[in-house]
Amino acid sequence: MLSRETNRDIFARASEDSDVAVIEGVMGLFDGKSAPSLSGTTAEMALWLDAAVVLVLDAAAMAGSAAAIVHGFDTLIPELRLAAVICNKVAGTKHYGYLRDAIAARCRPVPVGGLPRDPAFSIPERHLGLHLAHETLTEDRLTSLAAWVESHLDLDRVLDLGAAPRPDAPDRPALRQPARSEPHARIGIARDAAFCFYYEDNLDLLRAQGAQLIAFSPLADRALPPDLDGIYLGGGYPELHAEALSANAPMREAVAAFVARDAPVYAECGGFMYLTEAIVGAGGQRWPMAGIFPTSARMQTRLAMLGYIEVEGANTAGWLAEGERGRGHEFRYSVIDPMPGTISRAYREPAEAYRVKSALASYIHLHFLSCPGFAERFVNSCAGWRARNPQ
């Protein structure tokens, strides 16, 4: 979603005071925007950052063939620094011995251990991916996981492999501290079990533009925080908490009243669903929501959308300027009923984003660093509303 320069800048800031920076690879090492290209792949990110790659290999049904797979991964892009291999789903000590000896004899990457099959350490899945960390990783479970990993992997070897850049490594990214404005807008941000997905970079950028972020819970709170100038409703799992969200009528009414005052509200994915008239379950049950947008969000049993997306501002209805582009992603099982043509669209079709008064809602998780002007305009819109409506 972001440029090489922006990713390197994020990395420099995130790892400034760290001994180790761990980057989680997405999908396979070479799976990205298109099969022949490295664009959007974990491999591309590793090359941009000169990061050592630790390959996690599903070794459940192989022995010597593991060497062929590791060799292929290692030689496909020679400049990629594939440093180590962790064998996963290993049947036992003897099985790992076969894997280790085959890889060590024929491959450059170093085998650093094997994790045995153990369903106790599997994280359960649901319709929008894995269960969240706070739902499954208790202190006891984390302690057990740490002991399990330490007993089966040579972690010191892993750390040593990633410690020293190659002599021909690209320059390390320089640290660029963003200019920060004094806080001049109080923005409420929904944070609870129903609204829990935000890019931390988005929040950092809002703060840099002068936003003071005030957390509130549409599930538990009966009223909005006082003296707000805007609201940010992120993604999450409102469909799992639809009954509780619907039962909290005072909060739904408070949000609707806030929009009625023409105050700025930005909602994405789950936040968009909350601003519709209702969430309708896959079985047909209907839970009333805030009722800002004259449509309903309907849950399906099949995936409705998954993937990265680039959007373009269609007009001045949103905080993306006309013709300006931004990038984000969609991951959802819901669709909305047809939106009346009287409702303004903020992005060019087929991307969906709608505007009612000063509320902008979309299914797209927009990454603000792909279009920093969006965050700046949103914060300024909130500050402008404060100036026109002194508390």
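## Cysteines and strand β6

Start by selecting Cys 196, which counts as partly exposed, with a relative accessibility of 26%. The model on screen is a predicted one.

Next, select the cysteine sulfurs. How many disulfides does a search of the whole structure find? The count is zero. Show Cys 107 as sticks: Cys 107 takes part in no disulfide, and the nearest cysteine sulfur, which belongs to Cys 87, is 10 Å away. A disulfide requires the two sulfur atoms to be within 2.5 Å. Cys 107 has a relative accessible area of 12% and is therefore buried. Return to Cys 196: this residue is in no disulfide either, the nearest cysteine sulfur being that of Cys 269, 11 Å away.

Now select residues 185–190, which form strand β6. Is this strand mostly covered or mostly exposed? Strand β6 is mostly covered, with six of its six residues buried. Colour its two faces separately. Ala 185, Ile 187 and Ile 189 point one way, while Arg 186, Gly 188 and Ala 190 point the other way; all are buried.

Add residues 211–216, strand β8, to the selection. The pairing of β6 with β8 is parallel and runs over six bridges. To find one of the contacts, pick Gly 188, whose bridge partner in β8 is Ile 214.

Finally, add residues 230–233, strand β9. β9 also pairs with β6 in the parallel sense, here over three bridges. Keep Gly 188 selected: the residue opposite Gly 188 in β9 is Ile 231.

Technical notes:
Residues numbered from 1 in each chain as written. Predicted model: local features only at pLDDT ≥ 70, side-chain atom pairs only at ≥ 80, totals over all residues. Heavy atoms only, no water. Buried < 20%, exposed > 50% of the residue type's maximum accessible area, 1.4 Å probe, protein only. Helix = DSSP H or I, 4+ residues; strand = E, 2+ residues; numbered from the N terminus. Pairing = 2+ DSSP bridges.
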